[in-house]
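Morning, everyone. Please put the sequence and the structure up on the screen, and then we can start.

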Amino acid sequence: ARDGFRGELVERILEDSEKTIWVSTATGVWRLRNGAWELLGPAHGLPIRAASALFVDRENRLWIGTAEGVFRQSVNSDTFRKIVSSLSPVKAISDDARGSLWGTDSQRTLSPVANASRTGRWSRETFGAANDVIRDRYANLGIGTSGGGVLRLAPAAAGEGYEEPQQITQKEGLAGDSIRALFEDREGNIWIGMAGGVTRLTERKVTSFAEGETVSALSTTSV
C-alpha cells in the first residue's frame, strides 16, 4: 500500500494511551506511530502470524492474542513475551473486576489468560466457540459465542467466581446467535453485532435493528 500498511483481513483496532494505533490482521500486528506503519515480528518477540485480540491492561501493557497464544508487552518496552500458549487463535481478551484476564477462542468459550483460575470453562459443545468478551459497568462478563448467542456471567454473591451463565439468544430477541462483537456505550447499553444484524440491549428492552422490532424486556440490566 502507498502508506506502508499491507495488512489483510483486519480483526481489531486499538489506540493506546500514547496515541499509538494497533491493528491485528491475518498477517500479524501492525503499529501506526508518528505517521509510520510497522509490522511487528520476531525482533519484537512476536510471530508474523494471524493476530486477533488486542487489550490494554490496568498497567497500560498491551496484550495480543495470536495463532500461537497470548503475548504481553514488557513494561516501558517495544518487546513482547509469550504468556499463554494456545492451539487455536485467541479471539478476544478482557479483564474482570478483580483484574484477572480472560480470553475466548474456537476451542473454549472462556479460559484464563492471567491471574484467573476460579471461573469454570465451558466447552464449545455446550455454548459454542466464542468471538468476543467484555466487562460491563456492573462487573458482569459478556461473552459473544459463535452460535449460542450471548452469555452473561454475574459475579457470585459470596466469594470469588461467577454464577452460572445466563444465555440470551434469538428467542429473547437477538438478531442472530452467531455473535461477532460486543460494545457497551456511555449509557450502559450493550450493542451486539452478529451475522443477522445489530441488537441493542437496554434495561427494559431488546431492539433488533435487522428486523426493526422491539421485543419483550429482559430481566437483567446488561449482559
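I will go through a strand, its neighbours, the core, two pockets and a few single residues.

One caution before the details. This is a predicted model. Keep that in mind as we go.

Start with strand β13, residues 141-145. Is this strand buried or exposed? Buried: 5 of its 5 residues are, so β13 is largely enclosed by the rest of the structure. The cut-off here is under 20% relative accessible area. Now look at the two faces. In a regular strand, side chains alternate between the two faces of the sheet. In β13, Leu-141, Ile-143 and Thr-145 sit on one side, and they are buried. Gly-142 and Gly-144 sit on the other side, and they are buried too. Both faces are covered, then.

What does β13 pair with? Take β12 to begin with. The pairing of β12 and β13 is antiparallel, over 5 bridges. For one bridge, find Ala-130; its partner in β13 is Thr-145. The hairpin of these two strands has 5 residues between them. Within that hairpin, Ala-139 takes a positive phi, near 75°.

Now the other partner, β14, residues 150-153. β13 and β14 are also antiparallel, this time over 4 bridges. Gly-142 stands opposite Arg-152 in β14. This hairpin has 4 residues between its strands. Gly-147 has the positive phi here, near 130°.

Stay with β12 for a moment, and pick out Asn-131, which belongs to that strand. Asn-131 has a relative accessible area of 8%, so it counts as buried. What does its side chain touch? The side chain of Ser-146 is one contact, a polar one of 2.9 Å. The backbone oxygen of Ile-179 is another neighbour: a polar atom of the Asn-131 side chain lies 2.9 Å from that oxygen.

Ile-179 takes us to the core. How many residues make up the largest nonpolar core? The count is 12, among them Ile-134, Val-150, Ile-168 and Ile-179. Two strands supply at least two residues each: β16, residues 179-184, and β17, residues 190-194. β17 gives the most, with 3 residues. Other members of the core include Leu-174, Ala-175, Leu-201 and Val-206.

On to the pockets. Rolling a probe the size of a water molecule over the atoms shows where empty space is left.

The largest pocket holds about 310 Å³ of space. It is lined by 17 residues. Closest to its centre are Arg-12, Ile-93, Asp-132, Val-133 and Ile-134. You have met Ile-134 already, as a member of the largest nonpolar core. Which elements give two or more residues to this lining? They are β1 (12-15), β5 (51-56), β9 (90-95), β12 (130-135) and β16. β12 gives the most, with 4 residues. By type, the lining divides into 11 nonpolar, 1 polar and 5 charged residues.

The second largest pocket has a volume of about 230 Å³. Here 16 residues form the lining, and the closest to the centre are Glu-18, Asn-60, Gln-73, Asn-76 and Ser-77. This lining splits into 4 nonpolar, 6 polar and 6 charged residues.

Two of those central residues deserve a look at their backbone. Take Asn-60. Asn-60 lies in the loop between β5 and β6, where β6 is residues 62-66. Its phi is positive, near 65°, and it is not a glycine. Asn-60 is partly exposed, at 36% relative accessible area.

Then Asn-76. Asn-76 is in the loop between β7 (69-73) and β8 (80-85). Phi is positive again for this residue other than glycine, near 50°. Is Asn-76 buried or exposed? Exposed: its relative accessibility is 81%, and the cut-off is over 50%.

One last residue: Gln-167. Gln-167 is in strand β15, residues 166-168. At 36% relative accessibility, Gln-167 counts as partly exposed. Compare its position with that of Leu-153. The two are 14 residues apart in sequence. In space, their C-alpha atoms are 9.2 Å apart.

To recap: β13 is buried along its 5 residues, with antiparallel pairing to β12 and to β14. β12 also gives the most residues to the lining of the largest pocket. That is it from me.

Terms used: Residues are numbered from 1 along each chain as its sequence is written. This is a predicted model: local features need pLDDT of at least 70, side-chain atom pairs count only at pLDDT 80 or more; totals for chains, interfaces and linings use all residues. Side-chain values use heavy atoms; hydrogens and water are left out. A nonpolar core is a set of buried Ala, Val, Leu, Ile, Met, Phe, Trp, Tyr and Cys residues joined through side-chain atoms within 4.5 Å. Buried means under 20% relative accessible area, exposed over 50%, partly exposed in between (1.4 Å probe, protein chains only). On a 1 Å grid over the protein atoms alone, a cavity is a set of points where a 1.4 Å probe fits but cannot get out, and a pocket is an open set with protein on both sides within 12 Å along at least five of seven lines; lining residues have an atom within 4 Å of a point. Grid points are joined across faces, edges and corners, and a volume is the space filled by probe spheres set on the points. Ala, Val, Leu, Ile, Met, Phe, Trp, Tyr, Cys and Pro count as nonpolar, Asp, Glu, Lys and Arg as charged, and the others, Gly among them, as polar. Two strands pair if DSSP finds at least two bridges between them. A polar contact is a pair of N or O atoms within 3.5 Å; within protein, one must be able to donate a hydrogen and the other to accept it, and residues adjacent in sequence count only if both atoms are side-chain atoms.
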